[in-house]
Amino acid sequence: MTKQAILFLSAAAIIISCAKAPESGTAFFENFSYVGNDAIYSRNPLPGEDYVYNPILPGWYSDPSICTNGEGDYYLVTSTFSYFPGVPIFHSRDLVNWEQIGNVLDRPSQLPGLDRQQTSEGIFAPDIKYNPSNKTYYMITTNVGVGNFLVKTKDPAGPWSDPIVLPEVQGIDPSFLFDDDGRAYIVNNDDAPDGKPEYDGHRTIRIVEYDLENDCTIGERKVIINKGVDPSKKPIWIEGPHLYKIGGKYYLMAAEGGTGDMHSEVIFRSDSPMGTYKPWGRNPILTQRHLPMDREDPVTCTGHADIIQTPEGEWWGVFLGCRPIGNGFENLGRETFMMKVRWSEDGFPIFTEGEQTIPLTVRHEGVTAGSNPTFGNFSKMDEFEGKELAPEWMTLRRPAGELLSLENGVLSLKCSENKATERTTPALVLRRLQHHAFSCSTSMTFNPAGSEAAGILLYKDEGHQYFLKVCLDGDKRTATVEKIGQEPEILGTITLEGKPSDPIELTVKSDDGLAFDFLCKEKGGKISAVATGIDASYLSTAKAGGFTGTTIGLYAVK
């Protein structure tokens, strides 16, 4: 049986005769292809087989945290804000070949309150750590508007526990240290002392001990960093802290300067986990804020780092950064980069110093990439042949439930009154946009009625979207591009001539990240442009704000 035949049989009201169209109300998608084609990779081929490209996770993978079990396994997690499932988890044996093995927060019970939050709220800056004393993995994070919590497991592929809430840990960005004496500590960003900031962005880092046996905090919660490295300069947004014990000393690493162009990573050291912490005299240990804005292929906004040591004794760090186009804007969001960390003569870790830029290629001696790299240009084809969607697919806030079904190689989305402009869960599945130059296509069968529409959605947040949709204009089926926001606008439309029972191919592409083209192709017909040269900056953080990048996917609405 062909996949097209399966598609028709998936609709309950299909008459086998090709002369009749499927009932309205449901859109049927046979596939979704993603092709990345950024010129920077073709201009800069890898120098050797044991090199990789930065970013190692292109597209919106922000606030990375990494851990190892000491047995050659590495795990990496990133933020998801109000997307579901929450916190993708990647596994590697060599820091080069990464595979998403699932999502840490894959049940609604782990994400209370997410259904009322905006896109850039939800889950902030997860931290993953392995505790060798009880052979347990912990992921601790913030659910904005709800509070800080942790989940734990013996198997990082899941399942993870339901949340253990930490009401005493106020603020955001918590992370763990499991000390070699069996004790545990949580550090995180919090308000200024007594809740009285001296200026906008005045924050603190606080620490509290954690009782592993009873899963609760114990003792006094103490301020260990007030303001930042140099309080006289009124530093802003000391956040994203990680605490390490290295060579008998305690190192506190944190982001400073906000997550924009002034972002940086700084380091402090102490003889005790509770302080006193002294800043390194050559901070920051990672930043690009002082470099010329007109430099070629810039990486900006670097910070929110985490470090790991390999069994061979090498130190590596992951961190977030952005890749603006022409020093202007980008739609990819904050991406995950990796580079080797060196140590200063006085014992502090360093990512970059002086005029050093983030390297495009990084060497991992003796390690080669496999056939499915997460970096560089790559393509993906999802033919929806499994019983569940691949782990990179997401919905908003909750599972799509009865609005979505996956059967016989067809993804079905029921047109819903839940809209992507609202704080709800629409009939919408999304994946990250990972390249400036890309092409995404789907083969869809859809017979709209009334106000129903279905197709491909480019999504930044509730107020910034582009929708390539099949819908009705009077009694005519059309392919239409709509700009969705405060002032909705039709950017282009063409009348469809084919039968509603015939699939239509929809494509969204960009040649350079500056503009989008929206195309369609009817069965047996030629490719037609619905709208071209559409401003891509509308979906950028520079214009829309927020903490996520652009996502793209399949949508049905009425």
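**Entry 1: around Leu-554**

I started at Leu-554, which touches Phe-29, Phe-32, Phe-384, Leu-411, Leu-413, Ala-427, Leu-428, Val-429, Thr-442, Gly-455 and Ile-456, leaving aside residues up to four places away in sequence. Note to self: this is a predicted model.

Next I looked up the core around it. Leu-554 belongs to the largest nonpolar core, which has 46 residues. Along with Met-444, Phe-516, Phe-518 and Ile-552, Leu-554 touches the most other members. I then asked which strand gives the most to this core. That turned out to be strand 1 (residues 26-36), with four residues. There is also a second, separate core of 21 residues, and I noted Tyr-41, Val-52, Tyr-74 and Leu-76 among them.

**Entry 2: the largest pocket**

I pulled up the largest pocket and got a volume of about 660 Å³. I count 28 residues in its lining, with Thr-68, Tyr-130, Phe-178, Lys-245 and Ile-308 nearest the centre. Which strands supply at least two residues each to that lining? My list reads strand 3 (65-68), strand 8 (123-131), strand 12 (172-178), strand 16 (239-246) and strand 21 (300-309). By class, I have 14 nonpolar, eight polar and six charged residues in the lining of this pocket.

**Entry 3: cavities**

I searched the whole structure for cavities of 30 Å³ or more and found two. The largest cavity holds about 80 Å³ of space. Its lining runs to 14 residues, and Ala-125, Pro-126, Gly-240, His-242 and His-304 sit nearest the centre. Strand 8, strand 12, strand 16 and strand 21 each give two or more residues to this lining, and those four strands turn up in my list for the largest pocket too. The lining of the largest cavity splits into six nonpolar, five polar and three charged residues.

The second largest cavity comes out at about 40 Å³. I wrote down its lining as Ile-325, Asn-331, Leu-332, Leu-433, His-435, His-436, Phe-438, Gly-513 and Phe-516. Phe-516 I had already met in the largest nonpolar core. No charged residue lines the second largest cavity; I get five nonpolar and four polar.

**Entry 4: back to strand 8**

Strand 8 kept coming up, so to speak, and I checked its sheet. It is an open sheet of four strands in the order 8-9-10-11, paired antiparallel. Strand 8 and strand 11 (164-165) are at the edges with a single partner strand each, so one side of each has no neighbour in the sheet. In between, strand 9 (residues 136-143) and strand 10 (residues 147-153) run antiparallel and are joined by seven bridges. Last look-up: Tyr-138 faces Lys-152 in strand 10.

Technical notes. Residues are numbered from 1 along each chain as its sequence is written. This is a predicted model: local features need pLDDT of at least 70, side-chain atom pairs count only at pLDDT 80 or more; totals for chains, interfaces and linings use all residues. Side-chain values use heavy atoms; hydrogens and water are left out. On a 1 Å grid over the protein atoms alone, a cavity is a set of points where a 1.4 Å probe fits but cannot get out, and a pocket is an open set with protein on both sides within 12 Å along at least five of seven lines; lining residues have an atom within 4 Å of a point. Grid points are joined across faces, edges and corners, and a volume is the space filled by probe spheres set on the points. Ala, Val, Leu, Ile, Met, Phe, Trp, Tyr, Cys and Pro count as nonpolar, Asp, Glu, Lys and Arg as charged, and the others, Gly among them, as polar. A nonpolar core is a set of buried Ala, Val, Leu, Ile, Met, Phe, Trp, Tyr and Cys residues joined through side-chain atoms within 4.5 Å. Buried means under 20% relative accessible area, exposed over 50%, partly exposed in between (1.4 Å probe, protein chains only). Contact means heavy atoms within 4.5 Å. Two strands pair if DSSP finds at least two bridges between them.
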